[in-house]
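Please take a moment with the sequence and the model before reading on. The paragraphs that follow go from one pair of helices to the wider arrangement of the chains.

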2 protein chains.
Amino acid sequence: MAVTARARGARSVAGGIGHRTVSAAVAEALRQRILSGALAPGFQLRQDALAEEFGISRIPIREALLQLEASGLVKIAPHRGAVVTGLSVEEIEDVFQLRVSLEPQLLILSARHLTPDDFSELRALRDEYSAALKVGTVEIWGELNRRFHLGLLRHAGRPRSLAIVAGLLQDCDRPTRLQLSVSGDVARADMEHTTILDLCEAGEVVAAANLLRIHVEHAGHSLVEIYRKSAAAE
Amino acid sequence: MAVTARARGARSVAGGIGHRTVSAAVAEALRQRILSGALAPGFQLRQDALAEEFGISRIPIREALLQLEASGLVKIAPHRGAVVTGLSVEEIEDVFQLRVSLEPQLLILSARHLTPDDFSELRALRDEYSAALKVGTVEIWGELNRRFHLGLLRHAGRPRSLAIVAGLLQDCDRPTRLQLSVSGDVARADMEHTTILDLCEAGEVVAAANLLRIHVEHAGHSLVEIYRKSAAAE
DNA sequence: CAGCCCGCAATCGTATACAATATTCATCAG
DNA sequence: CTGATGAATATTGTATACGATTGCGGGCTG
């Protein structure tokens, strides 16, 4: 029985090629569940249950949870297990403030080094993004947005800053999904992405950075507004 | 034999009270070794060796290594083990640029909320810092510097920013140790700390933030200079 | 002699088993 | 009826054992 369970689990978990260990595969699976909202903040992740579900032992589960804690997606309390984290309003404000502080600065460093290949890739991302919005498939929105913003800043030559921004974007992801499905700012964000691209391609680096700042500021304010309202409604 | 080994290890590792699990204790022990320079960048951490040394099994070692990877102190390659990381010159520049971008801004938010208790604590830290420099005990310098800077920014009300700055300060730690033992900027840093404190206490928030920016900028430039020289000497 | 292949040793990754800790719920004193 | 107390249970943490992957060195082939 244990054997069959393992075989099934190994196939179902490691089936997605590209993972060199089971724990990495589990981490990725859980990450997607959390980012997609399938696992809501506050949810308790029990090691036994996850192990049985994936058909593996608890060891790789534990290591996956540690990786997720590193990403800030779960919080682990000793002897009490892992809980899916959520961001408070203050933390969301902080995250967007950080993005406002960092992203425009990085764009100025990066914009001039964007190649034609980069631009075509970014335009493709924006198109995919637009299409996803029309169809209403919000699931992949965060991923596309993240890749777009990171793509813009790719050549800033500041690896640590980029890693931090990547983390910030990931943390924006879940709350922003809420914003997009509620507010009408979707089209605006799309247009702003396009304009930023155009400005970069035209060499208007400072203008692009300014618009990026406004873009992030607006997203932050709008999101905080929604959070405040939904909190007041409860 | 296994029992005696475990008893010895359990005492030697968990002896430092305040750790709820063995893996956390190991993580802390390894962190100190890395930050103190006892484990140089590039050093391979073998799980078996560490397990035997601490007198425990490999499982908590693995989990400790994962925690360290989250802090950026080691890099884990699947099936190839963990290696102590070092910062390239570009990364060091990036880290200091980030500190320049973030710390003054946070100080402006935090300075007005510093209480008399905070000031006395910060002064105590500065005194301890000065004393450590005179005696030449460089080991604890990084820790004191980190606590001083974080103490200044404590009341900024931006938890995520503070966590990031804490990480940046930790990553500065090892390289800065080098700077302090080489250059003569020790006294300057000490004086700047004092002046920043005075300005904050006098309510000269903007001036304090400016000095903090200069303080960090200078430390960064000086450190990069030293790195460039030592790299050229090789 | 150079380059490739295979087998071996070292090391890591995972499963299973046991120990330690936290939580729950029944019990009881106040 | 409320709050505290303690055993039972559930869950996590760690040890041991086994399987898988990587890297290396000897031997073979061209």
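**A walk through the model**

In this predicted model, a good place to begin is a meeting of two helices in chain B, where B:Glu103, B:Leu106, B:Leu107 and B:Ser110 in H5(B) come up against B:His149, B:Leu152 and B:Leu153 in H7(B). Sorted by class, this contact of H5(B) with H7(B) has 4 nonpolar, 2 polar and 1 charged residues. The axes of H5(B) and of helix H7 (residues 141-153) of chain B are 7 Å apart, and the two helices pack at an angle of about 50°. H5(B) and H7(B) are therefore described as oblique to each other.

Helix H5 of chain B, which covers residues 89-111, also holds B:Ile92. Is B:Ile92 buried or exposed? B:Ile92 has 21 other C-beta atoms within 10 Å, and because 20 or more are required for a residue to count as buried, B:Ile92 is buried. If its neighbours within four places in sequence are left aside, B:Ile92 is in contact with B:Leu87, B:Pro175, B:Leu223, B:Val224 and B:Tyr227. B:Leu199, by contrast, lies 107 residues from B:Ile92 along the chain, and the C-alpha atoms of these two residues are separated by 28 Å.

B:Leu199 leads on to B:Ala208, which, with neighbours within four places in sequence again left aside, is in contact with B:Leu107, B:Ala111, B:Ile196, B:Leu199 and B:Cys200. B:Ala208 and B:Leu107 belong, together with A:Leu107 and A:Ala208, to the residues with the most contacts inside the largest nonpolar core, which has 66 residues. Apart from that core lies another, of 38 residues, and among them are A:Val74, A:Ala82, B:Ala64 and B:Leu65.

The two chains can next be followed to the place where they touch, and there 24 residues of chain A are in contact with 24 residues of chain B. On the side of chain A, the elements that give two or more residues are helix H4 (58-71), helix H5 (89-111) and helix H8 (159-182), and the largest share, 9 residues, comes from H5(A). The residues on this side of chain A divide into 8 nonpolar, 8 polar and 8 charged.

Chain A also contains an open sheet of 3 strands, in the order S1-S3-S2 and with antiparallel pairing. Strand S1 (44-45) and strand S2 (74-77) stand at its edges, and each has a single partner strand, so one side of each is left without a neighbour in the sheet. S1(A) pairs with strand S3 (residues 81-84) of chain A in the antiparallel sense over 2 bridges, and A:Leu45 stands opposite A:Ala82 in S3(A).

Key
Residues numbered from 1 in each chain as written. Chains lettered and ligands numbered in written order. Predicted model: local features only at pLDDT ≥ 70, side-chain atom pairs only at ≥ 80, totals over all residues. Core = buried A, V, L, I, M, F, W, Y, C linked by C-beta atoms within 7 Å. Buried ≥ 20, exposed ≤ 12 C-beta atoms within 10 Å, placed from the backbone. Contact = placed C-beta atoms within 7 Å. Helix = DSSP H or I, 4+ residues; strand = E, 2+ residues; numbered from the N terminus. Nonpolar A, V, L, I, M, F, W, Y, C, P; charged D, E, K, R; others polar. Axes fitted to C-alpha atoms, helices over the stretch in contact; angles between N-to-C directions. Parallel < 35°, antiparallel > 145°, perpendicular 65-115°, else oblique. Pairing = 2+ DSSP bridges.
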